[in-house]
Amino acid sequence: LPKQAIEQMNSRGKDLKGENLPFFAAGVSSVIHPRNPHVPTVHFNYRYFEVTEESGQKKWWFGGGTDLTPYYLDRDDVKHFHKELKKACDRHDKSFYPAY
């Protein structure tokens with residue numbers, strides 16, 4: 001991981017120590033494009049990132065997100081989508097949904 005990337009990650013709340021650190025990244029992304037125009041497109045991507053500091057200590061985290069893109073706006077779909085996302089977040093920490 002180049003110095004500039006380490007500085008950028010540290011500016012976003014990470015606390016990485018060292019320069020030119022080895023890293024591993026993996027992710028999955030999916031987009032569902034239904035044929036029915038009344039069914040919204042759904043997209044998600046999830047990432048895993050791992051950095052090994054000069055001390056040998058590994059730091060890792062997950063990232064990503066999801067979105068709903070309707071062709072025809074159905075407010076009930078939007079409410080349901082966000083209600084289910086909030087329930088998933090709340091199972092881990094009630095501060096996650098408003099924060100993310």
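**Getting to know a predicted fold**

Biologist: Does anything let us check the length of helix 2, and what distance should its 16 residues span at 1.5 Å a residue?

Modeller: This is a predicted model, and helix 2 offers a simple check, because its 16 residues at 1.5 Å a residue give an expected span that can be set beside the distance between its end C-alpha atoms. Those end atoms are 22 Å apart, which agrees with the expected span of 22 Å.

Biologist: Which residue caps the N-terminal end of helix 2?

Modeller: Look at the backbone nitrogen of D76. A side-chain oxygen lies 2.9 Å from that nitrogen, and the residue that provides this oxygen is D74.

Biologist: Let's move to the sheet. Which strands stand at its edges?

Modeller: Three strands form an open sheet in the order 1-2-3, with antiparallel pairing. An edge strand has a single partner strand, so one side of it is left without a neighbour in the sheet. The strands placed like this are strand 1 (23-32) and strand 3.

Biologist: How much does the sheet twist, on average, from one strand to the next?

Modeller: The strands to follow here are those of the open sheet, in the order 1-2-3. From one strand to the next, the twist averages 5°.

Biologist: Over how many bridges do strand 2 and strand 3 pair?

Modeller: Several partners can be picked out by eye: V42 has L68 as its bridge partner in strand 3, Y46 stands opposite G64, and V51 stands opposite K59. Strand 2 covers residues 41-52, and its antiparallel pairing with strand 3 runs over 12 bridges.

Biologist: And which residue in the turn between strand 2 and strand 3 has a positive phi?

Modeller: The two strands form a hairpin, with five residues between them. In that turn, a phi of about 95° belongs to G56.

Biologist: On the other side of strand 2, which residue stands opposite A25?

Modeller: Strand 1 and strand 2 pair in the antiparallel sense over 10 bridges. Opposite A25, the residue in strand 2 is F49.

Biologist: Now for the open spaces. Which element gives the most to the lining of the largest pocket?

Modeller: The largest pocket holds about 760 Å³ of space. Of its 16 lining residues, the closest to the centre are Y46, G64, G65, C89 and Y100. Strand 3 (58-69), helix 2 (75-90) and helix 3 (96-99) each give two or more residues to the lining. The top contributor, with six residues, is strand 3.

Biologist: How many residues of that pocket lining are charged?

Modeller: The lining of the largest pocket includes nine nonpolar and six polar residues. Its count of charged residues is one.

Biologist: How much space lies in the largest cavity?

Modeller: The structure holds one cavity of 30 Å³ or more. Residues lining the largest cavity include L68 and D74, and by class this lining has eight nonpolar, one polar and two charged residues. The space in the largest cavity is about 50 Å³.

Methods:
Residues are numbered from 1 along each chain as its sequence is written. This is a predicted model: local features need pLDDT of at least 70, side-chain atom pairs count only at pLDDT 80 or more; totals for chains, interfaces and linings use all residues. Side-chain values use heavy atoms; hydrogens and water are left out. On a 1 Å grid over the protein atoms alone, a cavity is a set of points where a 1.4 Å probe fits but cannot get out, and a pocket is an open set with protein on both sides within 12 Å along at least five of seven lines; lining residues have an atom within 4 Å of a point. Grid points are joined across faces, edges and corners, and a volume is the space filled by probe spheres set on the points. Helices (H or I, at least four residues) and strands (E, at least two) are DSSP runs, numbered from the N terminus. Ala, Val, Leu, Ile, Met, Phe, Trp, Tyr, Cys and Pro count as nonpolar, Asp, Glu, Lys and Arg as charged, and the others, Gly among them, as polar. The expected span of a helix is 1.5 Å times one less than its number of residues. A polar contact is a pair of N or O atoms within 3.5 Å; within protein, one must be able to donate a hydrogen and the other to accept it, and residues adjacent in sequence count only if both atoms are side-chain atoms. Two strands pair if DSSP finds at least two bridges between them. Axes are lines fitted to C-alpha atoms, for helices over the stretch in contact, and angles run from 0 to 180 degrees between N-to-C directions.
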